Amino acid sequence: MNMKRIFCGLAVVLGAGLIGCPEAMAQKAKKQKNVKEETVMAQEVKEKDTVSFLLGYNLGSQIAQMPYEMAMESFMEGFHKAVKGEESGVSDEDANRILSAWQMKMQQEMQMRQQAENEKQAAANKEAGRKFLEENAKKEGVQQTASGLQYKVNVMGTGAKPAATDKVKVHYEGRLISGEKFDSSIDRGEPTSFPLNAVIKGWTEGLQLMPVGSKFTFYIPSDLGYGDRGVSSIPAGSTLIFEVELLEINPAE
């Protein structure tokens, strides 16, 4: 009997770590190498699958946000052709012309939808403003001019009143009827100056009622404010509330 085989067999049975059994050790090392390679390959496949999924998902998310219903079969056909490096069958000139026309059409449709949404929002805000002003007019100290501007005197100053052509310096704070603040020179810690005829109608009219040193609250309907157009954080059709302090007048030359 082959003594080498006997020794290797005993080494395995006795758990001797295969010391002195080169064939068994080589087989074990090969098996370990194969397991390691299979593990690495499995990890690479998993990574490839995950990355591919995420790239596909991101692309799909972008497409889902487009204001356009995609013909998915045609899309996937074009996608696969591009990935495989195949020709699209459409000349570059025709492709550019078709896509440019489509983009223009999409922009026009988006503008129309946005305009319709703005008009809807403006109508709702104007109605809310109308109801607010109707109730506000009943409150003590609130006065209303012929234009619909409402104001309340908090402090009546003793200085001169500005003309529409004058430049004024004021501190102010602006809010929506919801109470949300949208602007404040007080928060910025610096008053602002402007020609009185270069601002919204409600300010032009209202500030001419104020002597220097006065503090008024103005309740400005949308047609004396920014109308049906939204400005920054002011939604379309908003009624505006301003706390205004008139600090200084610089008469026009």
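Reader: How many aromatic pairs does the structure hold?

Author: The structure holds ten aromatic pairs. Rings of Phe, Tyr and Trp (its six-membered ring) pair if their centres lie within 6.5 Å; planes under 30 degrees apart count as stacked, over 60 as edge-to-face and the rest as tilted. In one of the pairs, Tyr 172 and Trp 203 meet edge-to-face, at 5.3 Å centre to centre with 80° between the planes. This pair links distant parts of the chain, 31 residues apart: Tyr 172 belongs to strand E3 (residues 167-176) and Trp 203 to helix H6 (residues 201-207). Helices (H or I, at least four residues) and strands (E, at least two) are DSSP runs, numbered from the N terminus.

Reader: On what kind of model, and with which numbering, does this rest?

Author: This is a predicted model, in which local features need pLDDT of at least 70 and side-chain atom pairs count only at pLDDT 80 or more, while totals for chains, interfaces and linings use all residues. Residues are numbered from 1 along each chain as its sequence is written, and side-chain values use heavy atoms, leaving out hydrogens and water.

Reader: Are Tyr 172 and Trp 203 buried or exposed?

Author: Buried means under 20% relative accessible area, exposed over 50%, and partly exposed in between (1.4 Å probe, protein chains only). Both Tyr 172 and Trp 203 are buried. Ring pairs also join Tyr 172, Phe 182, Phe 194, Trp 203 and Phe 242 into a cluster.

Reader: Where does Ser 232 lie?

Author: Ser 232 is found in the loop between strand E6 (215-220) and strand E7 (240-250). Ser 232 counts as exposed because its relative accessibility is 79%. Although Ser 232 is not a glycine, it has a positive phi of about 55°.
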